[in-house]
Amino acid sequence: MKLNKLLVIAALNTTLFTSNVYAKDLQILFIPLDNRPVCSSYVKESVEPAGVKLIMPPDKLIASHLSSGNPTALLDWLKEKSIHADAAVISTDSLIYGGLVASRTHNESTQVLNARVNALAELARDTKMKIYAFSTIMRTPRASKGRVEPPYYSEVGPSIFAYSELLDKKIQSTLPITEKLTIQALERNMKKENLGDWLERRKKNYDINRSLIRLSLMNRFHYLAIGKDDNSPHSATHLESCKLGRELFDVPKNQLAIIDGVDQLGLLLIARAYNEANGLTPKVQILYAPGSGANTLPQYSDATLYDSVPVQISAAGGIRTDANADMLLAINSPSDGIVKDSTYSDNQPFPNVANRNFIAQLQQLLNENKKISLADISYSNGADNGFMETLSKNVDLGRFSAYNGWNTADNAIGYAIAQGMFAEHMSENYKHKLIRQRLIDDWYYQSNTRLAISKELSKSGREELKYDLGASQKLILQNAADITKSMAKKYNFTKQTNFTINFPWNRLFEVDIAITDKIKKK
């Protein structure tokens, strides 16, 4: 069904989120950042039960932990499939660099990169389908191990981060003499080729984003989201986002946005395409846990939740409201505003006062039949054990529309927004499957199994296996499955769930949870 036909259906529909008339045959082409589950398979599982036919390229064309994707072949695939598609949600990183990691490690010339941008522009000009594109501003991690940055970053990454942090401060304000001396010392002590290589790749990334913005202003994209990958209030990522932001002063918000986080953008834009095709504008009310709430500045972000969350709601095609909402976005933020990693020692299965008060509030709202999507961002990279332990004992978790507590706060919130919107258009069985999947991944594995295995590896002097499991993968995988399945059996909502667990990128950081139960449509 082509998009103009969908608009006829939408015209017969109201903009109420609860309408029963939807574009069930919506066909969306989807080019993900890479093949990590949160960017690919989890996205597909989140949208297809709502009636979206998500068409993805062959696996061999998409970036994996072993190789970059194939930009040329991906563009050819997009051209071929565009004839029969209603819309496309595409990662420009995949089409221009070969994937997210490739955007940080490639050695492509400016000429090659510009040629790929121009090829995308030609396709966007000639096609009738709507294109929802997302790009990234290259991240600035404090440190990095593994193969997701240039090889030298594991050694000099902290120095590069410190240099970029001070450079950002210098441009924003006057540095004290001590910090000026620090910049000079960092420049002297770092190898010129390392810093030069990093800065050159950043410039290419910045210039590509400027080109994409120009294409957006020429209406080549229906919508463009520029994601800020891992960063902080003072960093090269923050500096570049401010410079790009100044170019967007008079750009309509329904055309382009700079958004905190990256990995959630594919699902977020598919939600936008779905809502627009159906003439829907979901009204979302934000509810924070007691304490710092909207003033929380998460790890890996340069923006408080007050600034970042409404942007994500808008990017998904929704609108923020303080009353008469279609969906409540409940955010379990830390009461003191300090976000730590889920493996931190204080993430124990004991609730604090804020946890108990928030749970009581959620109980009351559920009893009022409110639709609640829960984003658990009190910790990064996993769930809040104290909060979830108590919540599971007092509330049937299946009453929520969605649950998310993975990776960065912005990633989890973006998923919670999109999955919460799609939950209204799928059966209870599919909705429950998605909640169980996220509980097993974000709570059981990320906050508990990953910590247990990490401790074992550290004690045995094999800490490097966290980043590359190598020949030990089979043994570690069995250990991870045993711990995670043991936890699943402790809780009513997941104790009957059959699932497999895998390490798709051969490292501890992410897993692929595949629920093997047969899901009934009704």
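The paragraphs below go through a predicted model, from its parallel sheet to a buried asparagine and then to its salt bridges.

In this predicted model, local features need pLDDT of at least 70 and side-chain atom pairs count only at pLDDT 80 or more, while totals for chains, interfaces and linings use all residues. Residues are numbered from 1 along each chain as its sequence is written, and side-chain values use heavy atoms, with hydrogens and water left out.

An open sheet of five strands follows the order β8-β7-β9-β11-β13 with parallel pairing, where strands (E, at least two residues) and helices (H or I, at least four) are DSSP runs numbered from the N terminus, and two strands pair if DSSP finds at least two bridges between them. Because β8 (319-320) and β13 (402-404) each have a single partner strand, they stand at the edges, and one side of each is left without a neighbour in the sheet. Helix α12 (residues 305-315) packs on this sheet, touching β7 (283-288), β8 and β9, and its direction makes about 155 degrees with that of β7; contact here means heavy atoms within 4.5 Å, and angles run from 0 to 180 degrees between the N-to-C directions of axes fitted to C-alpha atoms, for helices over the stretch in contact. Helix α13 (residues 353-367) lies across β7, β9 and β11, at about 165 degrees to β9.

Strand β9 (residues 327-332) contains I331, which is buried at 0% relative accessibility, the class being under 20%, with exposed over 50% and partly exposed in between (1.4 Å probe, protein chains only). Beyond four places in sequence, the contacts of I331 include L305, F358 and I413, and the C-alpha atoms of I331 and I413 are 7.9 Å apart although 82 residues separate them in sequence.

N385, in helix α14 (residues 385-394), is also buried, at 4%. Its side chain makes a polar contact with that of N448 at 3.0 Å, such a contact being a pair of N or O atoms within 3.5 Å; within protein, one must be able to donate a hydrogen and the other to accept it, and residues adjacent in sequence count only if both atoms are side-chain atoms.

The structure holds 28 salt bridges, each a side-chain nitrogen of Lys or Arg within 4 Å of a carboxyl oxygen of Asp or Glu. R436 and D517 meet in one of them at 3.8 Å, linking helix α16 (residues 428-459) to the segment after β15 (512-515), 81 residues apart, and both residues are buried. E247 and R210 form another, at 2.8 Å.
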